[in-house]
Amino acid sequence: MLNTFKRGGVHPDDGKIYAKDKAIETPAVPAQVVIPMSQHFGAPCTPTVKVGDLVKKGQLIGTSDAFLHADIHASTSGKVIKVAPMPHNMMVKCMAVVIEADGKDEWAEGIPQAHDWKQLDSKEILELIKKAGVVGCGGATFPAHVKLAPNKPVDTFIVNGAECEPYLTCDYRAMVEKETTDKLVTGVQICMKVLGVKKAFIGIEDNKPEAIQNLTEAFKDIPEVTVLACKTKYPQGAERQLIYATTGRKINSSMLPADVGCIVDNVDTVVAIYRAVTEGRPLMERIVTVTGDAVANPRNFRVPIGMSYQELLDVAGGFKQDPEKIICGGPMMGFGMFQLDVPTTKTSTALLALTQDDVSAMEPSPCINCGRCVEACPGRIVPSLLATYAEHFDEEAFVEHNGMECCECGCCSFVCPAKRPLTQEIKSMRKIQLAKKKKK
């Protein structure tokens, strides 16, 4: 029996076929990189360099005194030509450091620096992770050094290899290519040592048999780590759903995974932790999938942070057909892009270009009370009702009917025959409530 969450979920076309068999490539260093100072959950960093400074690859260029932050590093060597607010892929503008590459791609002094992780204690490992600016690469961008130091005991480490978001194949490639697989194996052991746990699970959807087989073989001599085949059902990779699928433990919106003894990180995060600890390499590159039926040559790239989406698309051959929709991320939880001249960041997972924009072609109509959104919702709430409360700004009713339990997965909008923008309405109200809670 396959491991999965009990209730809800949908089965969209996974779209993996476009790029799943394309090995990870490293494009040439771009002529310029734009590196935002906000690439993490928490306070934005303050630039530590100024216009005219010469910087090297891996050099610290942004930091903060705030507890929740992740340091920012130069992804190539060159000259700082601008320090100013610049367009960002997740907001209007953000303070950024613009580096004109010198083509040498020279490392800063002392970077990389090898360490034997087995000789380091937990405190030393966490310091290396913090120094490297590692964040959750699955999208949450929570600073890794904070997540791996929970304020309560945990007993289980979970690696999210589900990659349930349609079209994305960056984590899949990391799980099947030997170079990254070897790093993943050691990275899991490092995380287990830091957390002091003796048990780990790697959850992978069963539409990725090659990844399941490869990692089962890779971890065969490490009995504390179990590779689990999970049912292919969106959103299997959501934190709450994956915890239940692998351990049977339940959490809600008022809880953290640590409250049930678990810590969850995705594949690319664990690889970044390996690089930070064993090689002393900051997080200044990541795997990005460029895909969709409008892309000439869909591929997976290891991208220097700050390279523009336009340049990345050009390396993939550009568009073979004008797209109707361009998405940063996947179609379920990603967001539309209206310009490609924005930089990739630690949060970038994919550039998706589609020849048809099914969403904009939909004409919303009144709710027919069919209940499909309730059946599909993995959070066990009533999306149609919550969306109505959100539309009418009835905050009290929204909270009372568990609106904050929504994980914004998009299942309700996907199945709604009336084509109501349920997720968008609920998401907007959740943002309002979270902002009020933060203010208090």
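**Exercise 1. Describe the lining of the second largest pocket by residue class, and then locate its centre.**

Solution. In this predicted model, the lining of the second largest pocket comprises 7 charged, 4 nonpolar and 3 polar residues. The next step concerns position: 14 residues line this pocket, and those closest to its centre are Gln241, Lys250, Ile251, Pro378 and Arg380. The final step is volume, and the space in the second largest pocket amounts to about 330 Å³.

**Exercise 2. Determine whether the residues on the faces of strand β17 are buried or exposed, and identify which strands pair with β17.**

Solution. Strand β17 spans residues 350-354, and 5 of its 5 residues are buried. Considered face by face, Ala350, Leu352 and Leu354 lie on one side, while Leu351 and Ala353 lie on the other; both faces are covered. The pairing is then examined. Strand β13 (residues 285-291) runs parallel to β17 over 3 bridges, with Thr289 bridged to Ala350. Strand β15 (residues 325-328) pairs with β17 in the antiparallel sense over 4 bridges, and here Ile327 stands opposite Leu352.

**Exercise 3. Establish the strand order of the open sheet that contains β7 and β8, and name its edge strands.**

Solution. The sheet has 4 strands, arranged as β2-β8-β7-β4 with antiparallel pairing. Its edges are β2 (32-36) and β4 (54-55), each of which pairs on one side only. Within the sheet, β7 (residues 78-87) and β8 (residues 93-101) are joined by 9 bridges. One residue pair illustrates this contact: Val83 has Val97 in β8 as its bridge partner.

Notes
Residues are numbered from 1 along each chain as its sequence is written. This is a predicted model: local features need pLDDT of at least 70, side-chain atom pairs count only at pLDDT 80 or more; totals for chains, interfaces and linings use all residues. Side-chain values use heavy atoms; hydrogens and water are left out. Two strands pair if DSSP finds at least two bridges between them. Helices (H or I, at least four residues) and strands (E, at least two) are DSSP runs, numbered from the N terminus. On a 1 Å grid over the protein atoms alone, a cavity is a set of points where a 1.4 Å probe fits but cannot get out, and a pocket is an open set with protein on both sides within 12 Å along at least five of seven lines; lining residues have an atom within 4 Å of a point. Grid points are joined across faces, edges and corners, and a volume is the space filled by probe spheres set on the points. Ala, Val, Leu, Ile, Met, Phe, Trp, Tyr, Cys and Pro count as nonpolar, Asp, Glu, Lys and Arg as charged, and the others, Gly among them, as polar. Buried means under 20% relative accessible area, exposed over 50%, partly exposed in between (1.4 Å probe, protein chains only).
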